[in-house]
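Open the model in your viewer and keep the selection box handy. We will go from stop to stop, and at each one you get something to select and a note on what is there.

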Amino acid sequence: ILDEYKIYVYPRKGYEVTKFLDRITLLEDAPYVDISSTAIRESVERGEDISSKVSPRVADYIAKSRLWTLDSRIVRLTSLIDEGNATADLYVERGKCYYRHNEWGKAINDFNKAKQLNPDNVEAQQFHDVIYEILSFRYKDIYNP
């Protein structure tokens, strides 16, 4: 990318740019903004409004392109798993996406696979247990008219 494109780097407070200084353009006079691209991606993944963090045009592009949605994250994780890079962590991450979608069966399958690959994976066990608790909850008074 560095060979083919001119790269502009926006400065962030607390992060000094030291790499590739001869191959990038550092926007030193740009005003500092306390919002990172990671925070924006995480907000989009959680379905939160990002209009206060980006311009309307950028927000519209992100929405139309379906960037950083749970669905696109599931596709990306599935492709990594299918390429033979299956690790317990990948299954946990995909399981959490299914969990957020309330796709309990797929989530449980991924957490079980993660536990198979790494029996000591505490996060997979915790999510697995939470789903079983959700699915086994019954409002018993409904049966007593």
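The tour below goes through helix packing, an aromatic cluster, two buried charged residues and two loop residues.

**Before you start**

This is a predicted model, in which local features need pLDDT of at least 70 and side-chain atom pairs count only at pLDDT 80 or more, while totals for chains, interfaces and linings use all residues. Residues are numbered from 1 along each chain as its sequence is written, and side-chain values use heavy atoms, with hydrogens and water left out.

**Stop 1: helix 3 against helix 4**

Helices here are DSSP runs (H or I, at least four residues) and strands likewise (E, at least two), numbered from the N terminus. Select helix 3 (residues 70–85) together with helix 4 (residues 88–100). Two packed helices are described by the angle between their axes and the distance between the axes. Axes are lines fitted to C-alpha atoms, for helices over the stretch in contact, and angles run from 0 to 180 degrees between N-to-C directions. Helix 3 and helix 4 pack at about 150°, with their axes 10 Å apart. That makes helix 3 roughly antiparallel to helix 4 (the term applies to angles over 145 degrees).

To see the contact (heavy atoms within 4.5 Å), show side chains including Leu70, Arg73, Ile74 and Leu77 of helix 3 and Leu90, Tyr91, Glu93 and Cys97 of helix 4. The residues of this contact divide into 9 nonpolar, 2 polar and 4 charged. In this scheme Ala, Val, Leu, Ile, Met, Phe, Trp, Tyr, Cys and Pro are nonpolar, Asp, Glu, Lys and Arg are charged, and the others, Gly among them, are polar.

**Stop 2: Arg73**

Stay in helix 3 and pick Arg73. Is Arg73 buried or exposed? Its relative accessibility is 18%, so Arg73 counts as buried (buried means under 20% relative accessible area, exposed over 50%, partly exposed in between, with a 1.4 Å probe and protein chains only). Leaving out residues up to four places away in sequence, Arg73 touches Glu45, Glu93 and Cys97.

**Stop 3: helix 4 against helix 5**

Now add helix 5 (residues 104–117). The axes of helix 4 and helix 5 come within 8 Å and cross at roughly 165°, and the two helices are therefore roughly antiparallel to each other. Among the residues that meet here are Tyr91, Arg94, Gly95 and Tyr99 in helix 4, and Trp104, Ala107, Asp110 and Phe111 in helix 5. By class, this contact has 10 nonpolar, 1 polar and 5 charged residues.

Zoom in on Asp110, which lies in helix 5. Asp110 is buried, with a relative accessible area of 4%. Apart from neighbours within four places in sequence, Asp110 is in contact with Tyr91, Arg94, Gly95 and Tyr98. For a distance label, join the C-alpha atoms of Asp110 and Arg94: they are 7.0 Å apart, with their positions 16 residues apart along the chain.

**Stop 4: helix 5 against helix 6**

Keep helix 5 and bring in helix 6 (residues 122–136). Their axes come within 9 Å and cross at roughly 150°, so helix 5 and helix 6 are roughly antiparallel to each other. Residues that meet include Ile108, Phe111 and Asn112 in helix 5 and Phe127, His128 and Ile131 in helix 6. This contact divides into 11 nonpolar, 3 polar and 1 charged.

**Stop 5: the aromatic cluster**

Select Tyr99, Trp104, Phe111 and Phe127, which form one aromatic cluster. Rings of Phe, Tyr and Trp (its six-membered ring) pair if their centres lie within 6.5 Å; planes under 30 degrees apart are stacked, over 60 edge-to-face and the rest tilted. The count comes to 3 aromatic pairs. The rings of Tyr99 and Trp104 have centres 5.5 Å apart and planes at 80°, so this pair is edge-to-face. Phe111 and Phe127 are stacked, at 5.2 Å centre to centre with 20° between the planes. This second pair links distant parts of the chain, with Phe111 in helix 5 and Phe127 in helix 6, 16 residues apart. Phe111 is buried at 0% relative accessible area, whereas Tyr99 is partly exposed at 22%.

**Stop 6: two loop residues**

Most residues other than glycine have a negative phi. Select Phe20, in the loop between strand 1 (7–9) and strand 2 (24–26): its phi is positive, near 55°. Phe20 is partly exposed, with a relative accessible area of 44%. Finish at Arg66, in the loop between helix 2 (56–64) and helix 3. Arg66 has a positive phi of about 55° although it is not a glycine, and Arg66 is partly exposed at 46%.

Terms used. Angles under 35 degrees count as roughly parallel, over 145 as roughly antiparallel, 65 to 115 as roughly perpendicular and the rest as oblique.
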